[in-house]
Amino acid sequence: MSNITKRIIWSLLLLACSLPAVVAQSSGAAAARAALKARGASWQPVHAGYQTILLDRPLAYPGKSSGKAAQDFLQTFGPALGWDTKDTTILLKLAKATTDVAGQHHYRFQQYLHGWPVLGGACTVTTTRNGAVKGFTGRLLPRPASAPASAPPASTFPLTAAKARVTTALAPKYPHVAQWDITEEGLLWASENPWATAAAAPLRLTRIFTVSEPGGYQAERVYLDAASGELVFHHQLHCELNRRLYYRNTAGFNLVWQEGNTFPGTLAAEDQELLLATSEFYNLMFRTFGRQSYDGANGEMRGVTNATLSNCPNANARGNVISHCAGVVGDDIVGHEWTHNYIRSMNGLIYAFESGAINEGFADIFGESLDLLNDRGTDTNDQMPRTNCDENNLRWHIAEDATAIDTTLRDLWFPECKADASSRESPHYVCATEENDTGGVHTNS
């Protein structure tokens, strides 16, 4: 499967869960639904965009693989799920198969009309370890009355004109979109409002374009009518990240970059690193924990480079700002400082003594996790396991990319490698005063 095909499929799956379920009205659908209920099926209450069915008694298909059982289930009970199995213009194709830690199999199917995928027509069938069908979730739709009876002719709309339409459509939202990369992805069926019912939103064959900020974070997917080039639909591929970059401090006249500006443009290496690491940290927290920005409400994330701190070389965090002295910008340090702001917004962990050490410990853990995941920076041998205090393996070291610091600051693998404490019983544990590192928050972290 090509990378383009995979991107199309994942775009379809992303939107499928937001579309309203189609309730079948035909007698065949009623009969299939009754048959499913007789087998112990129950329809679960979920949001309006999904149909979820659980089978108290999984349906066994003796002698068949779990994948074939999933296909037979759809063919048998398709009318109860919203799919007219007798309509040969609409087909289901397996998009992805996975197995979870419990041994259950999950088969993801994509709907196709006249050979092209339908935006929002997707479902998953789950089977037991032994291949018996136990559940269904997703949306299957009959061919809308508005859809053509046969495949439309191949598109003749020029690519250059299509790109101009894409740029024009997005310019009000992204002033610098003319500088972005535009990639054509393929064909699929979409409507002007994929969240509306099929009757209210006729399907149109579209050409898909991905429009992405060069080297940056923002991107949109645009659907143009395959024949005319008219805009049908578009949606963004990024979350509502909102970054600002300042020099020295956050005074308004020190602003040098904000979301929507060209990236990287003329920004220095440390400026680029702070912005990239900030977006990576936003994504790490959102995709892992569902938290959007430090405050959970997509709050603006401001960064300062060449900061005029009183204790340079250093970095600190407060509110929605992280400030870094020159030479103290690295992905793990940026992640470390943003973790402080996330913690402050979430639980108010007091930054002193043991609670402050816990705060610092979390900051190191998430900063280094970001460092290990993004595959950037001077992470020498960080793919290798640690066995000793070897400085040539930077796995679980903090601040190796900080040019203003001669050595890494802390070692999470074994803190004693840097004369820090790994427990209260460690000889390096500090019973410090508040004036001494705010009660030893770094040494005891």
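**Entry 1: backbone at W396 and T438**

I began with W396, which is found in the loop between α7 (353–374) and β16 (397–398). I keep in mind throughout that this is a predicted model. When I looked up the backbone of W396, I found a phi near 70°, a positive value in a residue other than glycine. I noted why this deserves a line in the notebook: most residues other than glycine have a negative phi. Is W396 buried or exposed? I found that W396 falls in between, being partly exposed with a relative accessible area of 24%.

I then turned to T438, which also has a positive phi, of about 50°, although T438 is not a glycine. I located T438 in helix α8, which covers residues 437–440, and I read a relative accessibility of 24% for T438, so I wrote it down as partly exposed.

**Entry 2: cis peptide bonds**

Next I looked for peptide bonds that are not trans, since most peptide bonds are trans. I recorded a cis bond from F263 to P264, with omega near 0°, and I placed P264 in the loop between β12 (255–258) and α5 (269–289). I recorded another cis bond from C312 to P313, where omega is near 0°, and I placed P313 in the loop between β13 (301–305) and β14 (315–318).

**Entry 3: the largest nonpolar core**

Which residues have the most contacts inside the largest nonpolar core? I found that this core has 30 residues, and that L36, F73, L74 and F136 are the ones with the most contacts inside it. I then listed the elements that give two or more residues to this core, and they are α2 (27–38), β2 (51–59), α3 (66–81), β3 (90–99), β4 (105–113), β5 (116–127) and β6 (133–139). The element that gives the most is α3, with seven residues.

**Entry 4: aromatic rings**

How many aromatic pairs does a search of the whole structure find? I wrote down nine, and I looked at two examples among them in detail. One of them joins Y174 and W180 in a tilted arrangement, with 4.8 Å centre to centre and 45° between the planes; I noted that Y174 and W180 are both buried. Another brings F281 and Y342 together edge-to-face, at 5.3 Å centre to centre and with 80° between the planes. I traced this pair back along the chain and saw that it links distant parts, F281 being in helix α5 and Y342 in helix α6 (residues 331–346), 61 residues apart. I found F281 and Y342 both buried as well.

I also looked up charges that sit over rings. I saw the charged end of R33 over the ring of W43, at 4.0 Å from its centre, and I saw K93 over the face of Y112, 4.4 Å from the ring centre.

**Entry 5: salt bridges**

I counted 16 salt bridges in the structure, and I followed several of them. One of them is formed by R302 with E300, and the closest N and O atoms are 3.9 Å apart; E300 has 22% relative accessibility and therefore counts as partly exposed.

I next took the salt bridge in which the side chains of E354 and R424 meet, at 2.9 Å from N to O. This pair links distant parts of the chain, with E354 in helix α7 and R424 in the loop between β17 (410–411) and α8, 70 residues apart. I found E354 partly exposed, at a relative accessible area of 39%, whereas R424 is exposed, at 57%.

Then I looked at R410 and D364, whose salt bridge has its closest N and O atoms 2.6 Å apart. Here too the pair links distant parts of the chain, since R410 lies in strand β17 and D364 in helix α7, 46 residues apart. Are R410 and D364 buried or exposed? I found R410 buried, with a relative accessible area of 11%, and I found that D364, at 3% relative accessibility, counts as buried too. Finally I noted one network, in which salt bridges that share partners join E192, R204, D225 and E230.

**Entry 6: a nonpolar patch on the surface**

I closed with the surface, where I358, F362 and I365 make a nonpolar patch of about 260 Å². I placed I365 in helix α7, and I recorded I365 as partly exposed because its relative accessibility is 40%.

How values were computed:
Residues numbered from 1 in each chain as written. Heavy atoms only, no water. Helix = DSSP H or I, 4+ residues; strand = E, 2+ residues; numbered from the N terminus. Buried < 20%, exposed > 50% of the residue type's maximum accessible area, 1.4 Å probe, protein only. Phe/Tyr/Trp six-rings, centres within 6.5 Å; stacked < 30°, edge-to-face > 60°. Lys NZ or Arg CZ within 6 Å of the ring centre and 35° of its normal. Patch = residues over 30% accessible without salt bridge, like charges linked within 9 Å, V, L, I, M, F, W, Y side chains within 5 Å. Areas by Shrake-Rupley, 256 points an atom, 1.4 Å probe, with all protein chains shown as cover. Salt bridge = Lys/Arg side-chain N within 4 Å of Asp/Glu carboxyl O. Core = buried A, V, L, I, M, F, W, Y, C linked by side-chain atoms within 4.5 Å.
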